[in-house]
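Hi,

Here is the structure I promised to pass on to you. Have a look at it first, and my notes on what turned up follow below.

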Amino acid sequence: IVVRSVSKISIENYIYNDVYSRQNEMYTGLSQVLDEVNLLYSRMVLDEKFTNILENDSLTLEEKNEMFIDLLNNVGTNKALFYDVTVIYDNEFLRLNDEIMLPNESFIEDVMNSNHFIDHGGIIKDSDNNSYLVIGKRMVNFPTGDIKGSMIFYINHKSLENILSRISGELGYSFVVSDDKYIISHTDNEYIGATIFDADIFIIDDLPNYEVRDLNGEKSIIIIYKNDNFNSQYNLNWKIVSVISYDKLFDDIIQLNKYYFFLGLIMMVLATFIAIKISKMITEPIHKIILGLRKFSASGKKERFERSAHDELWELEKTYDDMVLKISELIEKNKKEMDKQRQLELLSLQMQINPHFLYNTLDAIAWIAKIKKQKEIEKLVLALAKFFRISLHKGDKFIKVKEEIELVQNFIEIELIRF
């Protein structure tokens, strides 16, 4: 999308600048054509032979016309540019080529009364539908300033068409139109001399400028340029309109968009495949670690992982192995301590059982002595039994002073009976 947007803007700006430059060249070409009119006019008016032809009443109109044609040939008339040159003088018409119709009388009258550098009379077509731009100039006697007639130039439109065809090329077409919507020149001969009825589509503010619009059902870029210097110099109101097919212009970009779409699709599939592979490389070791932890928590058996790459997962697995190893060592140590504690408790229980058995036995002997009325034996056995009972401390670490005294008394009593 970014490439398409940048390309579209770049191409539009490039095409606009290129067409604008060519439109400037078109105005230069038009200026050269109109300058040719003025040069031919000057060469004719300043030539004494031309004046003699017009003012020699002894010559017939046919003779004057032949001399006029010879003079045009001698002054170097560009016949590729000028199809006809007509001089109107004292209601007489001298013509280079009389196969084409004369302009209407109102135009001739306008030329005679005009103070303009030149006047254009629109387009005239011959029987073969060839188009000619009509340019009129009134003839003025330079020393006296008297108006002596008018000169009408018929410019072959093909010379203008060659200039126009260089503007937009194969992408579209260009034409010259006046402010009154009259087409002066067009790459299509059918439209030359016609009036544009939907001229509003060619009205764009802030000329020169371009705009994208629908024209005859086709999306087009319309570039309009009005050269004020040209129009001011020749007292005209012409502007050049270039219409470029939007689809033809951006055909390459449209094709490029298709390539981008397929390339993006391929990249998406490839990226998805790579993402899955990479995610598996990351998640599978984690799953193994999780499974190992679950097995370890369930069975206590440690499962060690082997990984060649020294990455974050390797650090995680290494930490896991170290943790499991330490936990196993702690469990083993705790197991040994529990076994040792059980042995000590058993030993302690045995040590407790033996004295109890002993003084219980002594109590039994004392009761037998009592029954047998052996008071000395009873007294000795009871003292010994009390001595052992107090010696066990009832399992306590400390005993009262009273009990300690009683222990000593029993010991002394045993010793007294003994000795």
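**What I found**

A nonpolar patch lies on the surface, formed by Leu270, Phe273, Ile274, Ile278, Met281, Ile282, Ile286, Ile290 and Leu316, and together these residues have about 810 Å² of accessible area. Please keep in mind that this is a predicted model. The biggest contributor to the patch is helix α8, spanning residues 251-299, which supplies eight residues. One of the patch members, Ile282, sits in helix α8. Its relative accessible area is 41%, so Ile282 counts as partly exposed. That value also clears the patch cut-off, because patches take residues with over 30% relative accessible area.

There is a charged patch to look at as well. Glu62, Glu63, Glu66 and Asp70 come together on the surface as a patch of negative charge. Asp70 belongs to helix α3, which covers residues 61-74. With a relative accessibility of 44%, Asp70 is partly exposed too.

Now for a part of the model with more cover. In strand β9 (residues 218-225), six of the eight residues are buried, so the strand is mostly covered. Which strand does β9 join, and how do the two run? The partner is strand β10, made of residues 238-245; six bridges link the two, and they run antiparallel. If you would like a spot to start from when you trace this pairing, Ser220 is opposite Ser245 of β10.

Happy to talk any of this through once you have had a look.

Best wishes

Conventions. Residues are numbered from 1 along each chain as its sequence is written. This is a predicted model: local features need pLDDT of at least 70, side-chain atom pairs count only at pLDDT 80 or more; totals for chains, interfaces and linings use all residues. Side-chain values use heavy atoms; hydrogens and water are left out. Patches are made of residues with over 30% relative accessible area and no salt bridge: like charges are joined within 9 Å, nonpolar side chains (Val, Leu, Ile, Met, Phe, Trp, Tyr) within 5 Å. Accessible areas come from the Shrake-Rupley method with a 1.4 Å probe; for residues, only the protein chains shown count as cover. A salt bridge is a side-chain nitrogen of Lys or Arg within 4 Å of a carboxyl oxygen of Asp or Glu. Helices (H or I, at least four residues) and strands (E, at least two) are DSSP runs, numbered from the N terminus. Buried means under 20% relative accessible area, exposed over 50%, partly exposed in between (1.4 Å probe, protein chains only). Two strands pair if DSSP finds at least two bridges between them. Lys and Arg count as positive and Asp and Glu as negative; His and the chain ends are not counted. The place of a charge is taken as NZ of Lys, CZ of Arg, CG of Asp or CD of Glu.
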